[in-house]
Amino acid sequence: MDVEQPQNDIFDSLPYYDDDLQKYPVLQQKVEHELAKELGKPPATLHPRVPGDVELFSDHPLLKAELERIESHQPFPSLDSIRYQLPAPTSTPGTDEEWQDAINNARAQLEHQRIRQTNLTLLQTYGANGYRISNYVLEATAKQTEQALEELKELTVEVNRQRKNEQDRLGKQLTTLETRWTELISNVLQIEMANVALDAEVNRLNKREASLAEIA
């Protein structure tokens, strides 16, 4: 069973050779007009190489919900400040269940403050070195990124240089072939005109021969 292989067709223009748009501004206006007409009519079907719709954060419900909130321009929910308060029972003198909830809330906030104090102590002890290491990693990453960027720029320049050289070389061949084609067309037209002239001369001679035969 034969399986169709995908065609990797590469369509490359010849901007270093085809400079008609720069020579004739009216052509540029026509191209822009046609592009505006085509862009105004979106295609019914996309190109086969265009990937389909991608569902973001399908495995992360929280991120997906946040993305939907941002797309719908909903405001960010306000912070819950109740956990930082110590509300007393609403009734007077208050039921045992209400007092128990208030005590549990106070213990939770006390534990939260204790953990915050522990984290601040750890930050004062190890935070400076942690920030130095993080800055070192960020600087190394930035240098690697800049180096990769410079390499890509050099590669881009080299590719454009190769394209220009190749298009200049092929452009000379195209110009030679176009000149040769023009000469051949001109020769063909000259031959056709000569044939027409010969046909007319042959017809004239035939008529003269016929008239001479009648006189004889």
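## Exercises on a predicted helical model

Glu158 and Arg161 sit three residues apart in helix α4, which puts about one helical turn between them. Keep in mind as you work that this is a predicted model.

**Exercise 1.** Find out what the side chains of Glu158 and Arg161 do together, and work out whether Glu158 is buried, partly exposed or exposed.

*Solution.*
- Step 1: Look at the charged ends. The two side chains meet in a salt bridge, with 2.6 Å from N to O. The cut-off for a salt bridge is 4 Å, so this pair makes it.
- Step 2: Check the spacing. Glu158 and Arg161 are separated by about one turn of helix α4.
- Step 3: Check the exposure. Glu158 has 33% relative accessibility. Partly exposed covers the range between 20% and 50%, so Glu158 is partly exposed. Arg161, at 43%, is partly exposed too.

**Exercise 2.** Work out how Glu183 and Arg180 are placed in the helix and what their side chains form, then do the equivalent for Arg204 and Glu201.

*Solution.*
- Step 1: Take Glu183 and Arg180. They are three residues apart in helix α4, or about one helical turn.
- Step 2: Their side chains form a salt bridge at 3.6 Å, N to O. Glu183 is partly exposed at 40%, and so is Arg180 at 45%.
- Step 3: Move on to Arg204 and Glu201. Helix α4 holds both of them, three residues apart, about one turn.
- Step 4: Here the salt bridge has an N to O distance of 2.4 Å. Arg204 is partly exposed with 45%, and Glu201 is partly exposed with 34%.
- Step 5: Put it in context. The structure has eight salt bridges, including the ones you just looked at.

**Exercise 3.** Which residues form the negative surface patch, and where does Glu146 lie?

*Solution.*
- Step 1: Gather the members. The patch consists of Glu146, Glu150, Glu151 and Glu154.
- Step 2: Pick one and place it. Glu146 belongs to helix α4, residues 96-215.
- Step 3: Ask how open Glu146 is. Its relative accessible area is 53%, and exposed means over 50%, so Glu146 counts as exposed.

**Exercise 4.** Which helix gives the nonpolar surface patch its largest share of residues?

*Solution.*
- Step 1: List the patch. Its residues are Leu21, Tyr24, Val26, Leu27, Val31, Leu35 and Leu39, and together they have about 620 Å² of accessible area.
- Step 2: Compare with the helices. Helix α2 (residues 25-39) supplies the largest share, five residues.
- Step 3: Zoom in on one of them. Val31 lies in helix α2 and is partly exposed, at 34% relative accessible area.

**Exercise 5.** Work out what stands out about the phi angles of Phe57 and His73.

*Solution.*
- Step 1: Recall the usual case. Most residues that aren't glycine have a negative phi.
- Step 2: Check Phe57. Its phi is positive, about 55°, and it isn't a glycine. You'll find Phe57 in the loop between α2 and α3, partly exposed at 36%.
- Step 3: Check His73. Its phi is positive as well, about 60°, again without being a glycine. His73 is in the loop between α3 and α4, and at 71% it's exposed.

**Exercise 6.** Which element has the lowest mean pLDDT, and which the highest?

*Solution.*
- Step 1: Start with the whole protein. Its mean pLDDT is 86, and 94% of the residues reach 70 or more.
- Step 2: Go element by element. Helix α1 (residues 20-23) has the lowest mean, 78, and helix α3 (residues 61-71) has the highest, 92.

Methods. Residues numbered from 1 in each chain as written. Predicted model: local features only at pLDDT ≥ 70, side-chain atom pairs only at ≥ 80, totals over all residues. Heavy atoms only, no water. Patch = residues over 30% accessible without salt bridge, like charges linked within 9 Å, V, L, I, M, F, W, Y side chains within 5 Å. Areas by Shrake-Rupley, 256 points an atom, 1.4 Å probe, with all protein chains shown as cover. Lys, Arg positive; Asp, Glu negative; His and termini not counted. Charge placed at Lys NZ, Arg CZ, Asp CG, Glu CD. Helix = DSSP H or I, 4+ residues; strand = E, 2+ residues; numbered from the N terminus. Buried < 20%, exposed > 50% of the residue type's maximum accessible area, 1.4 Å probe, protein only. pLDDT = per-residue confidence, 0-100.
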